[in-house]
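User: I work at the bench and rarely read models. Can you take me through this one, feature by feature?

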Amino acid sequence: MASTPTPLQQLDERFLLHPFTNHDEMHAHGTHVIVSGSGVFVQDAQGRQLLDGLAGLWCVNVGYGRTEIIDAVAAQMRQVAFYPSFFNSTTEPAIRLAERLARLAPPRLKHTIFCNSGSEANESALKIIRGYWKLRGQSQRTKILSREFSYHGVTIATTSMTGLPSCSAPFDLPLPGFIHVPAPHAYAADRESDPVAYGKWCVEETARTIEREGADTIAAMFVEPVQGAGGVIPPPAGYLTALRALCREHGILFVADEVITAFGRLGEWFASGLWNLDPDLITLAKGLTSGYLPLGATMVSDEIADALRHGGYFAHGFTYTGHPTTCAAALANLDILENDGLIPHVASNIGPYFQEKLRAFAGHPAVGEIRGYGLIGALELVPPGGKAALTPTMTLGVRAAALARKEGVIVRGIRDIIALAPPLTIAREEVDQLFAAVRVAVDRIWE
Ligand SMILES: Cc1ncc(COP(=O)(O)O)c(C=O)c1O
């Protein structure tokens with residue numbers, strides 16, 4: 001035990017199960033209790049201020065402590081904290097938010113059903129897709145394509161889509177009918193000398209999988225425009241356009257999982273716009289409320305919405321679908337993104353600055369690859385023997401994240417990767433502070 005656990009840490013150990021945590025390891029040191037947040041900083045129970053280089057969990061886009069959201073939530077709660085959208089009812093914030101999203105999203109997507117998380121947004125998409133094909137008389141289209149290194153959530157079905165064995169193997173998933181194709185992760189495939197050629201091969205391999213499975217048995221393909229939790233994998237040139245065309249050619253619905261990439265992280269409201277993906281569905285969460293309250297959304301094309309609307313009783317939705325208070329939080333959050341000009345700020349100011357600082361690690365002997373886009377980035381770390389000497393248990397990224405924490409910044413360690421995604425409100429000096437701490441961590445990783 002690093003130090004005597006506080007009473008709160010003791011209660012935590014006895015009563016609280018944490019998501020994505022090795023409990024034995026955590027309690028050897030005591031859990032890390034965060035007590036407050038302001039701007040890009042959070043403060044822990046020991047009184048330490050930490051620069052949050054991961055925006056909570058890739059989500060606190062407008063930073064902490066925004067009174068506009070807090071006030072909107074309080075006002076909505078005073079008026080009516082909750083009323084469902086089931087059975088012909090709803091509340092004003094749900095309607096207003098759906099309309100607002102329709103204005104911001106790619107042109108064919110004008111219809112939204114809400115939920116409470118990214119997992120539920122994808123789960124809803126899966127059910128809508130199944131229902132849609134049944135209504136269209138093609139109920140044999142049930143299989144789902146997704147990619148290795150993808151992360152789509154934690155329900156049984158979304159874990160099945162997720163292309164990370166560490167998430168699926170403990171539960172004996174994926175379920176049958178969830179098919180994984182290669183991701184354009186050239187570094188992991190030792191093809192980093194020509195990522196574009198590797199991306200082309202990935203599309204060809206996806207085409208072969210479609211051929212083998214039978215195109216008319218495949219319902220949809222789920223794609224994160226930039227893969228996030230799997231290791232921050234931006235698409236190589238030409239890859240997403242070719243993948244989109246392939247799905248269209250075979251009548252396979254294309255779902256953009258924009259749970260991380262929407263609402264400014266890449267300098268656009270929706271990453272789909274950056275690559276002209278024209279998706280049939282988009283799934284959203286995280287930056288929709290900047291994490292102030294849990295809210296997810298599934299947006300669907302006019303064609304899918306028409307089928308559902310005229311297809312009889314639509315038997316799907318959560319108690320909290322269209323929750324007025326979470327929708328009020330989202331509306332206030334979108335106001336901030338818009339009024340503070342945060343999306344163009346990421347595109348032409350802080351995003352390029354962040355990428356410049358990230359790429360300054362080029363040539364560092366402990367850095368094997370640098371990836372990023374907008375305000376998301378990753379460093380692949382290597383041991384003294386270089387990439388060839390990596391072993392699965394080294395987890396250099398996890399160790400580097402711990403070193404960075406000692407320097408007062410929070411980053412995410414994923415395998416041998418340091419991942420960064422700070423709030424969009426981060427100032428240049430704070431970017432400097434973030435990377436100064438990351439440099440100390442990277443410099444010390446061989447010690
Ligand atoms: C791309 C993507 N999809 C889905 C999810 C699942 O979202 P949630 O954790 O809100 O269920 C995540 C979470 O990190 C994500 O990054």
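Analyst: Start with exposure. This is a predicted model. Partly exposed covers the range between under 20% and over 50% relative accessible area. Glu 407 has 35% relative accessibility, so it counts as partly exposed.

User: Where does Glu 407 lie in the chain?

Analyst: Glu 407 is in a loop. Helix H15 (396-406) is on one side of that loop and strand E13 (409-410) on the other.

User: Which residues does Glu 407 touch, not counting those up to four places away in sequence?

Analyst: Contact means heavy atoms within 4.5 Å. Glu 407 touches Arg 48, Ala 437, Val 440 and Arg 444. Sequence distance and spatial distance are separate readings. Glu 407 and Ala 441 are 34 residues apart in sequence, with their C-alpha atoms 8.0 Å apart in space.

User: Now the ligand. Which residues surround the ligand?

Analyst: Among them are Ser 117, Asn 122, Tyr 151, His 152, Glu 224 and Asp 257. The shell divides into three nonpolar, six polar and three charged residues. Helix H6 (residues 118-135) gives the most to this shell, with three residues.

User: How do I read polar contacts to the ligand?

Analyst: Look for pairs of N or O atoms within 3.5 Å. In the side chain of Ser 119, an N or O atom is 2.5 Å from a ligand oxygen. For Lys 286, a side-chain N or O atom is 3.0 Å from an oxygen of the ligand. Gly 118 uses a polar backbone atom, 2.9 Å from a ligand oxygen.

User: How much of the ligand does the protein bury?

Analyst: Taken alone, the ligand exposes 390 Å², and the protein buries 84% of that.

Terms used. Residues numbered from 1 in each chain as written. Predicted model: local features only at pLDDT ≥ 70, side-chain atom pairs only at ≥ 80, totals over all residues. Heavy atoms only, no water. Near = heavy atom within 4 Å. Polar contact = N/O pair within 3.5 Å; in protein donor to acceptor, adjacent residues only side chain to side chain. Areas by Shrake-Rupley, 256 points an atom, 1.4 Å probe, with all protein chains shown as cover. Helix = DSSP H or I, 4+ residues; strand = E, 2+ residues; numbered from the N terminus. Nonpolar A, V, L, I, M, F, W, Y, C, P; charged D, E, K, R; others polar. Buried < 20%, exposed > 50% of the residue type's maximum accessible area, 1.4 Å probe, protein only.
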